[in-house]
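Here is my note on the model you sent, set out as numbered points for a reader who is new to looking at structures. Please keep the sequence and the structure open while reading.

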Amino acid sequence: MELIAQINGAVNGFVWGAPMLVLLIGVGILMTVRNRGLQFRKFGYAMKNTIGKIFHKTHAGEGEITPFQAVSTALAGTVGTGNIAGITTAVTLGGPGTLFWLWVTALIGMATKYSEVLLAVKFRERNKYGDWVGGPMYYIKNGLGKHWKWLGVLFCVFAALAALGTGNAIQAGNIVGSIHTAVLTFQPDFAGEQTLNLVLGIVLAVLAAIVLFGGVKRLGAVTEKLVPFMAVVYILACLAVIVYNADALPKVFHDIFVGAFTPNGVTGGAVGSVFLVISWGMKRGIFSNEAGLGTAPMAHATTSEPEPVKQALYGIFEVFMDTIVICSLTGLTLLCSGINLNYGTMGETALVSEALGTLFTQRGGALVIAVALALFAFSTILGWALYGSRCCEFIFGHKAIKPYQILYVIVIVVGATVDLELVWDIADTLNGLMALPNLIALALLSGVVVKCTKAYFAKGTSLEETE
């Protein structure tokens with residue numbers, strides 16, 4: 001295990017070093033510039049035609065899900081422990097300034113996610129059962145040509161493995177961890193942690209199996225209901241704490257903007273490296289909203305929406321909701337609450353419980369986090385199951401889906417019962433590795449994104465406004 005940790009540490013240092021951060025931001029800037037700041041120019045239009053139409057009835061045919069179900073499935077995979085545990089770690093290890101770089105990553109990432117979704121819908125194809133399949137591997141194969149297929153296979157290998165860690169074991173571990181914390185607040189002498197974790201792991205595995213083996217339409221139907229509910233519960237709880245501690249907001253924003261460039265003075269010297277602040281802000285931003293990773297496009301490709309640009313607008317909304325709204329609320333809740341964040345250490349979700357406890361009492365805070373994290377993480381397990389299955393299907397064919405799903409369900413139990421520190425580190429490395437093929441494809445296909453966007457807004461806007 002020590003050897004694995006050393007190898008992973010060396011690879012992680014390269015994957016998440018300065019070159020990777022430059023590539024992530026560089027592709028985002030390339031997409032922003034080539035599309036003339038679409039995420040800013042058309043932000044109102046994107047919100048109106050995404051969140052503004054969630055109550056519109058739409059029909060999905062066989063092998064399809066509605067546009068909102070597609071974004072709900074994508075958000076299910078996106079909104080998870082990264083929004084709570086990930087942001088807590090970023091703030092404690094990097095200081096308040098990490099939130100500034102989180103926002104920068106999100107603003108640029110909107111253009112990246114928009115481009116990924118557009119390409120996924122444009123270059124998707126039907127599988128042998130009539131389901132829409134798409135994502136980086138398909139826009140690499142169908143957009144760049146079959147001689148680039150090896151790059152798509154490389155993406156699939158990293159993504160299928162990352163799904164078992166990032167989207168599965170880590171999520172299961174955080175669910176049982178938050179529930180155990182809640183149990184301890186009500187019964188401090190509770191000693192049955194291992195038994196509780198095993199029972200919870202089995203329950204999670206059974207629930208996931210029921211949804212996963214029901215196919216993509218059942219997955220879309222579940223996430224369509226689960227995602228909005230879980231987001232509203234968590235957003236309202238965080239907003240209540242922020243409003244309750246509103247007098248602390250001026251200092252908090254001062255610390256965020258000053259700490260982004262001079263962390264020393266804000267963190268009392270516990271964090272002194274600006275690169276560390278930038279790195280944690282960007283790493284956790286990408287871990288949370290997944291812009292550039294290439295995961296969410298696999299969910300968006302299953303939509304019944306035939307127009308790539310219209311579905312791509314959901315990519316802008318997705319990053320905004322995940323990072324600008326939910327991640328920011330976690331960070332602001334921590335910083336406003338006045339609790340000791342012990343900068344320079346690896347913060348855990350118990351800190352968010354403590355922050356919420358400044359208003360809801362410690363028991364209430366633990367209960368909110370247990371419920372929110374359980375819903376967030378379970379929805380992520382469902383979303384990433386789709387991603388891993390699609391990657392296996394691309395490499396081995398449709399027959400590989402069922403075995404992968406069975407393995408996926410088993411890993412839920414494993415994740416609920418073992419120490420996840422090394423899993424976190426390996427998952428972080430795999431996220432970076434899977435991003436590389438996707439970012440290369442996005443850069444090479446940027447002209448296609450520009451062409452489709454120009455064509456749509458040359459004739460499509462007037463048609464949208466008459467609907």
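1. In this predicted model, the side chains of Glu318 and Lys113 meet in a salt bridge, with 2.6 Å from N to O; the term stands for a side-chain nitrogen of Lys or Arg within 4 Å of a carboxyl oxygen of Asp or Glu. The pair links distant parts of the chain, since Glu318 belongs to helix α16 (residues 308–337) and Lys113 to helix α7 (residues 98–122), 205 residues apart. Both Glu318 and Lys113 are buried, where buried means under 20% relative accessible area, exposed means over 50%, and partly exposed lies in between (1.4 Å probe, protein chains only).

2. Before going further, a word on how to read the values: residues are numbered from 1 along each chain as its sequence is written, and side-chain values use heavy atoms, with hydrogens and water left out. As this is a predicted model, local features need pLDDT of at least 70 and side-chain atom pairs count only at pLDDT 80 or more, whereas totals for chains, interfaces and linings use all residues. Helices (H or I, at least four residues) and strands (E, at least two) are DSSP runs, numbered from the N terminus.

3. How many salt bridges are there by this rule? The count comes to 5 salt bridges, and a general remark helps here: side chains of opposite charge can pair when their charged atoms come close. One of them joins Glu125 and Lys141, whose closest N and O atoms are 3.3 Å apart. This pair also links distant parts of the chain, with Glu125 in strand β1 (residues 125–126) and Lys141 in helix α8 (residues 136–144), 16 residues apart. Glu125 counts as partly exposed because its relative accessibility is 26%, whereas Lys141 counts as buried because its relative accessibility is 15%.

4. Another salt bridge is formed by the side chains of Arg390 and Glu393, at 3.4 Å from N to O. Here both residues lie in helix α17 (residues 350–396), 3 residues apart, which is about one turn of the helix. Arg390 has a relative accessible area of 5% and is therefore buried, and Glu393, with a relative accessible area of 8%, is buried as well.

5. Thr98, which is found in helix α7, is a useful residue to select on the screen. Its relative accessibility is 2%, so Thr98 counts as buried. Leaving aside residues up to four places away in sequence, Thr98 touches Ala90, Val91, Val277, Trp280 and Gly281, a contact being heavy atoms within 4.5 Å. The C-alpha atoms of Thr98 and Gly331 are separated by 9.2 Å, although these residues are 233 positions apart along the chain.

6. Which way does the backbone angle phi point, positive or negative, at Arg36? Phi is positive there, at about 50°, although Arg36 is not a glycine. As a general background, most residues other than glycine have a negative phi. Arg36 lies in the loop between α2 and α3 (38–41), and Arg36 counts as exposed because its relative accessibility is 56%. Glu290 also has a positive phi, of about 60°, and is not a glycine either; Glu290 sits in the loop between α14 (274–289) and α15 (296–300). At 2% relative accessibility, however, Glu290 counts as buried.

7. Turning to the surface, a nonpolar patch of about 580 Å² is made by Leu198, Val199, Ile202, Val203, Val206, Leu207 and Ile210. Patches are made of residues with over 30% relative accessible area and no salt bridge, with like charges joined within 9 Å and nonpolar side chains (Val, Leu, Ile, Met, Phe, Trp, Tyr) within 5 Å; accessible areas come from the Shrake-Rupley method with a 1.4 Å probe, and for residues only the protein chains shown count as cover. Leu198 is placed in helix α10 (residues 193–212), and Leu198 is partly exposed because its relative accessible area is 41%.

8. Finally, some totals: the chain has 20 helices and 2 strands, and 61% of its 467 residues count as buried. Residues 24 or more positions apart account for 85% of the contacts in the chain with a separation of 6 or more. The accessible surface of the chain comes to about 17,800 Å², and 68% of this belongs to carbon and sulfur atoms.
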